[in-house]
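Me: I've got a model open here and a pile of "how do you know" questions. Can you walk me through it?

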Amino acid sequence: MSTTTAPSKAPSVRPLRRLGLWWDGVVDRYNRQPLAIKIVEIFLVVALVYALPLLRPPVITTQEIDFGGVMFGCAAYALIALGLNIVIGYAGLLDLGYIGFYATGAYTVGVLTSYHWHWPFFLALPLAIAVTMVTGVILGAPTLRVRGDYLAIVTLGFGEIIRICVKNIEWLGASSGIKDIAHPNSIGGGPQPPFDRGGLFDIPRLEWNGLVPSVDHDHPTAFLSFGAIDAVPYYWLLLTALILVLVADRLIKASRVGRAWEATREDEDAAELMGVPTFKFKLLAFAMGAAIGGMSGAFYASGQSGYISPDSFLLLFSMLFVAAVIVGGAGNRWGAIAGGVLVYYLPERFREFADYRLLVFGMALTLLAVWRPQGLLPPRRARRVQRAEEEIRELEGEGATDV
Amino acid sequence: MIRSSRARRAAITLAATALVLSACGSDGDDKSNDAAGGDGGGASELCGKNLAFLGALTGDAGALGQNMVGGIELALKEYNADNADCKINLKTFDSQGNPDKAPALATQIVNDDTIFGLIGPGFSGESLATGKTFFEKGLPSISPSATNVTITQQGWTTWHRVIGNDNAQGQADAAYLTGEVGAKKVFVVDDGQDYSKGLADTVKEALGDALVADDQISVGDTNMSAIVQAVKASGADAFFYGGYYTEAGLLAKQLRQGGFKGTFMSGDGSEDPNFVKVAGTQAAEGAVLSAPAGPPPADFGASGLYATQAYDAANIFLAAVQDGASSAQEINEFIGSYSNDGVSGPIAFDENGDIKESKIYAYFVKDGKLDVENPQAIS
Amino acid sequence: MDLGALFGSFDNFLSYTAGGLVFGAIYALIALGYTMVYGVLQLINFAHSEVFMYGTFAVAWTFIFFHGTGDATWSLGKAIPILLVALVVAMLMSAAVALLLERVAYRRLIRNNSPKLIALISAIGASFALAEAMGLRDRFAAWFGLDDDLADYVSPDKARDVYSNPVTIQPHELFTIGGYGVTDVDLVVLGAALLMMLALDQFVRRTRLGRGIRATAQDPESAALMGVNSGRVVQITFLIGGLMAGAAATLYMMKIGSTRQNAGFILGVKAFTAAVMGGIGNLRGALVGGLVLGVMENWGSAVFGQEWKDVVAFVLLVLILLVRPSGILGEALGKARA
């Protein structure tokens with residue numbers, strides 16, 4: 001096959017590749033440090049991420065849409081991407097109907113805390129996760145026997161079926177959706193509209209005039225008061241869940257289960273021969289991915305607006321979720337998180353391009369896939385394989401190929 | 001028509017203003033605007049501030065939001081021409097009609113100190129998703145187009161609409177079908193959305209025994225042959241559709257092609273010239289489209305569904321500015337006691353924020369086009 | 001559930017079936033694009049729906065070009081000359097978009113043997129971009145100062161609104177099956193779809209290029225060794241998919257008459273379902289899958305109500321795949337691919 005790519009295109013790829021190398025460097029440097037410093041660094045980074053919507057750093061902060069709300073959305077997408085990464089990245093199953101699990105989690109909370117019963121949110125949350133997990137097993141058991149490529153369309157079908165069901169079943173609110181979903185319990189008293197914001201104490205936020213920060217006391221966030229006009233407390237809560245899932249993800253990936261997934265993904269028949277019950281592990285991945293999706297949906301349902309409707313669970317979002325995982329780098333949890341954040345953040349950040357932003361987003365997705373097929377942050381193993389392949393290619397005299 | 005280029009120029013200016021304003025940061029620009037206005041004493045404190053529009057400007061329903069912005073911009077242009085010393089501008093927030101995107105935009109709106117009133121939200125779904133946010137902040141809002149009955153039953157005292165809700169329209173439509181048309185068997189279909197289902201359900205209830213059967217389609221459906229078959233099998237002599245003009249047009253077209261001879265009726269979501277284009281002139285002929293709004297004056301400078309309502313909504317806020325209202329509370333009280341004739345009909349609000357007197361008109365497709373000038377009052 | 005609606009009378013049953021067949025034929029033509037690309041490359045060409053959508057606009061544009069924007073209602077006979085031109089224009093338009101897609105979104109990935117998932121993401125991105133580009137056509141025209149000259153084609157400020165063929169083609173009932181009045185338009189849609197399929201089937205079976213396609217589908221490396229230019233084969237595959245989508249677009253506009261920038265999405269998902277149902281990679285499978293899907297949807301609408309028809313379609317798909325994991329007719333492009 002021809003490998004005569006125009007050499008002028010090569011440099012545009014380099015910065016992206018450097019991103020991976022840079023990330024490797026960061027991880028290596030981090031790993032070489034003594035434990036105490038590691039802990040301090042983690043603490044600092046985590047604190048920074050928590051404080052982001054109050055620091056409102058210039059450039060990053062969205063100007064035409066509430067930054068706290070965008071951060072909440074980013075965290076929700078990051079959590080979804082993390083869950084879908086287990087299904088796609090670890091187990092290698094293409095799930096185009098992931099939105100169905102998101103919807104299941106959201107509707108479980110909606111039904112339990114508002115529409116039929118009035119449970120508090122934190123009681124409904126574990127049940128929502130459990131219900132979604134069971135849904136995952138019920139859907140996975142028949143569909144995972146279908147061959148790889150068909151799994152995509154079958155899961156896509158299930159995603160649509162779930163949406164059409166919630167749209168048409170009165171018991172689930174039908175097309176009007178469910179409103180007044182319980183917010184998480186406020187600490188220090190909830191908001192008493194119209195003037196009392198509730199909460200233990202107010203935290204002011206920063207306002208930037210160019211690069212000069214000043215403290216803005218006019219728009220404070222009431223600490224842990226879950227009301228309808230401030231998304232920041234919801235962001236904090238979701239971020240906490242995200243961090244917990246991240247830790248769990250790390251533990252599982254490093255365990256026997258993680259290795260079984262990897263073996264199944266790389267060669268199912270070989271894995272089966274070596275005594276890995278591949279179907280069981282695929283089902284486990286599906287169920288775990290579902291549970292995390294359901295959890296994200298549960299947080300979304302009880303978010304600032306406390307309102308869900310079938311329109312929030314369109315097929316299109318499933319595509320976006322898959323795009324998030326792949327763009328970020330399937331198989332690498334940090335890549336998945338980065339992908340989830342970017343897919344939500346970019347269209348919101350560049351709202352001033354209003355009409356063009358979906359066009360640009362689509363083109364960016366294509367360009368990224370074509371010029372950076374491993375994703376922004378591919379797993380280290382994949383990068384090593386790729387480097388080795390490139391060396392071989394160069395030795396064979398096909399040096400012009402540039403990825 | 002000059003409309004297209006003017007609207008675009010306005011949009012560009014608007015985008016530029018929005019950029020400049022947002023670049024300044026919200027605290028800074030109050031002062032700079034007040035200073036730049038140089039209006040001296042006497043004028044309202046709202047001079048130089050903004051109205052906000054929240055609704056779909058891009059995405060599948062973007063055309064409807066563009067109609068509304070056209071109406072609002074017309075009102076602002078007229079007002080600003082007469083009040084050069086107290087200009088009011090518009091900031092638009094594009095929700096794509098998605099209840100998922102609307103809350104973060106609502107938060108942005110309530111935290112923007114330069115915004116004193118909201119025109120919108122455009123659709124029922126996003127209204128339900130954001131109502132709480134606007135209410136907790138106390139930002140007065142007037143929707144030109146969200147007609148779902150339940151929105152005004154939430155106790156959100158700052159929420160108003162200048163369009164009759166689905167109840168009033170549905171009852172008038174049903175009465176028209178059974179009375180004027182004399183239909184004995186009516187087949188009712190909707191597209192399952194908040195607005196559509198609300199309207200269709202009211203019609204079904206009001207029809208009582210005259211309802212012969214019902215069904216539901218999905219937005220984006222193009223193959224209506226199953227519905228056509230069901231309508232024919234039911235022997236219906238009239239057909240009512242709750243939904244928007246694209247599907248309404250396809251239904252009318254395929255029903256006529258399938259040999260349905262009865263009356264075709266639909267609500268305000270279908271009252272748009274595009275209905276005739278989609279259905280084709282022959283199939284659309286004789287269709288009845290109801291709307292809770294009278295015809296716009298002949299020289300009205302904006303076009304499309306909901307443009308008149310948006311124009312009226314903007315004028316209520318502008319009247320509040322001229323009246324000297326300054327706080328959110330004063331504006332809200334002003335809106336509550338407002339009573340005047342708008343281009344879409346007489347406007348006054350009841351205690352829930354619903355329009356008091358909503359006259360329902362039936363528009364007819366005659367001689368191959370939607371006759372917007374000679375509707376018949378049916379309530 | 002209302003079984004009586006479907007099975008209450010034989011007439012009803014027949015007419016639901018006939019109505020489904022006509023739409024199923026359009027599904028089948030679109031499904032060909034998915035099935036060809038999958039057969040050769042094992043890729044889900046997600047952006048094929050937009051290839052179809054561009055064709056529908058080409059049909060409306062052709063009518064506006066020859067007739068102007070005044071609404072009119074014509075019989076099929078009167079419309080046929082312009083329809084034929086529109087068919088050619090739509091096929092060219094769709095083929096051009098398909099080739100562009102191959103060039104921009106796929107070629108590099110195919111050459112580098114990238115994972116299939118990546119190609120899917122690339123296609124999803126291309127699908128977004130193509131649909132949005134159509135929805136923003138007024139802006140692009142404005143960049144060149146052409147929006148006033150081309151106002152009829154780009155609908156300034158209303159580019160996202162539904163876009164209709166000004167000429168409505170009024171079908172004439174020829175005879176009835178059950179209660180269903182079979183019209184000339186229905187017959188043309190069904191006939192033209194079958195004809196296109198037959199031609200394609202023969203092309204793939206009998207011509208040299210067709211052999212190349214089959215060879216590449218079976219074993220790309222051996223085919224390349226035997227002198228088949230695999231890059232060419234891929235382009236031809238996309239070209240054929242585009243031509244078929246253009247034909248489908250013409251038939252669709254004959255029957256439906258209006259389109260918009262997001263009209264492809266749902267039809268694309270349905271057509272892909274049809275392709276999988278019939279056995280993806282199998283040309284005759286696309287036909288069977290399309291017709292079965294069209295009929296099942298109508299039956300499902302009759303029994304459960306139209307709002308459940310997509311559920312019926314997808315449940316059916318899952319059931320078929322569970323019983324026959326490679327679709328009704330099995331996969332394989334042309335013949336014999338194990």
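Me: What makes up the contact between chain B and chain C, and how many residues does each side give?
Reply: This is a predicted model, and in it 35 residues of chain B meet 31 residues of chain C. Residues count here because their C-beta atoms lie within 7 Å of a partner.

Me: Which elements of chain B supply at least two residues of that side?
Reply: Helix 1 (3-24), helix 3 (62-82), strand 7 (211-216), helix 8 (225-234), helix 9 (245-257), helix 10 (273-279) and helix 11 (281-284) of chain B. Helix 8 of chain B has the largest share, seven residues.

Me: Is the side of chain B that touches chain C made of nonpolar, polar or charged residues, and how many of each?
Reply: The split is 10 nonpolar, 20 polar and five charged residues. Keep in mind that Gly counts as polar in this scheme.

Me: And what does the contact between chain A and chain C take from each chain?
Reply: There, chain A gives 35 residues and chain C gives 35 residues. Helix 5 (121-143), helix 6 (148-168), helix 11 (315-328) and helix 13 (357-371) of chain A each put in two or more. Helix 6 of chain A brings the largest share, 10 residues. By class, this side of chain A has 26 nonpolar, five polar and four charged residues.

Me: Back to chain B. Why are strand 2 and strand 5 of chain B called edge strands?
Reply: The sheet is open, with five strands in the order 2-1-3-4-5 and parallel pairing. Strand 2 (89-94) and strand 5 (159-161) of chain B each pair on one side only, so they are the edges. On average, neighbouring strands in this sheet are turned by 25° against each other, direction ignored.

Me: How do you know that strand 1 and strand 3 of chain B pair?
Reply: Pairing needs at least two bridges, and four bridges join strand 1 (residues 50-55) to strand 3 (residues 115-119) of chain B, so they pair. One of the bridge partners is B:Ile115 in strand 3, matched with B:Asn50.

Me: What packs on that sheet?
Reply: Helix 3 of chain B does, touching strand 1, strand 2 and strand 3 of chain B, with its direction at about 165° to that of strand 1. Helix 12 (residues 307-322) of chain B packs on the sheet too, touching strand 1, strand 3 and strand 4 (141-143) of chain B, at about 155° to strand 3.

Me: How many residues of chain B count as buried?
Reply: Of its 379 residues, 61% do. To qualify, a residue needs 20 or more other C-beta atoms within 10 Å of its own. Chain B also has 13 helices and 14 strands.

Me: What is the span of helix 14 of chain C against the expected one?
Reply: Helix 14 (residues 309-323) of chain C has 15 residues and reaches 21 Å from first C-alpha to last, close to the 21 Å expected at 1.5 Å a residue. Among the buried residues of this helix are C:Phe314, C:Leu317, C:Val318 and C:Leu321. Residues three or four places apart in an α-helix point the same way, because there are 3.6 residues a turn.

Me: Where in chain A is confidence lowest, and where highest?
Reply: The low is helix 1 (residues 10-32) of chain A, at a mean pLDDT of 71, and the high is helix 10 (residues 278-301) of chain A, at 93. Over residues 1-13 of chain A the pLDDT is below 50, and that stretch has 12 contacts beyond near neighbours in sequence.

Terms used:
Residues are numbered from 1 along each chain as its sequence is written. Chains are lettered from A and ligands numbered from 1 in the order in which they are written. This is a predicted model: local features need pLDDT of at least 70, side-chain atom pairs count only at pLDDT 80 or more; totals for chains, interfaces and linings use all residues. A residue is buried if 20 or more other C-beta atoms lie within 10 Å of its own, exposed if 12 or fewer, and partly exposed in between; C-beta atoms are placed from the backbone. Two residues are in contact if their C-beta atoms, placed from the backbone, lie within 7 Å. The expected span of a helix is 1.5 Å times one less than its number of residues. pLDDT is the predictor's confidence in each residue, from 0 to 100. Axes are lines fitted to C-alpha atoms, for helices over the stretch in contact, and angles run from 0 to 180 degrees between N-to-C directions.
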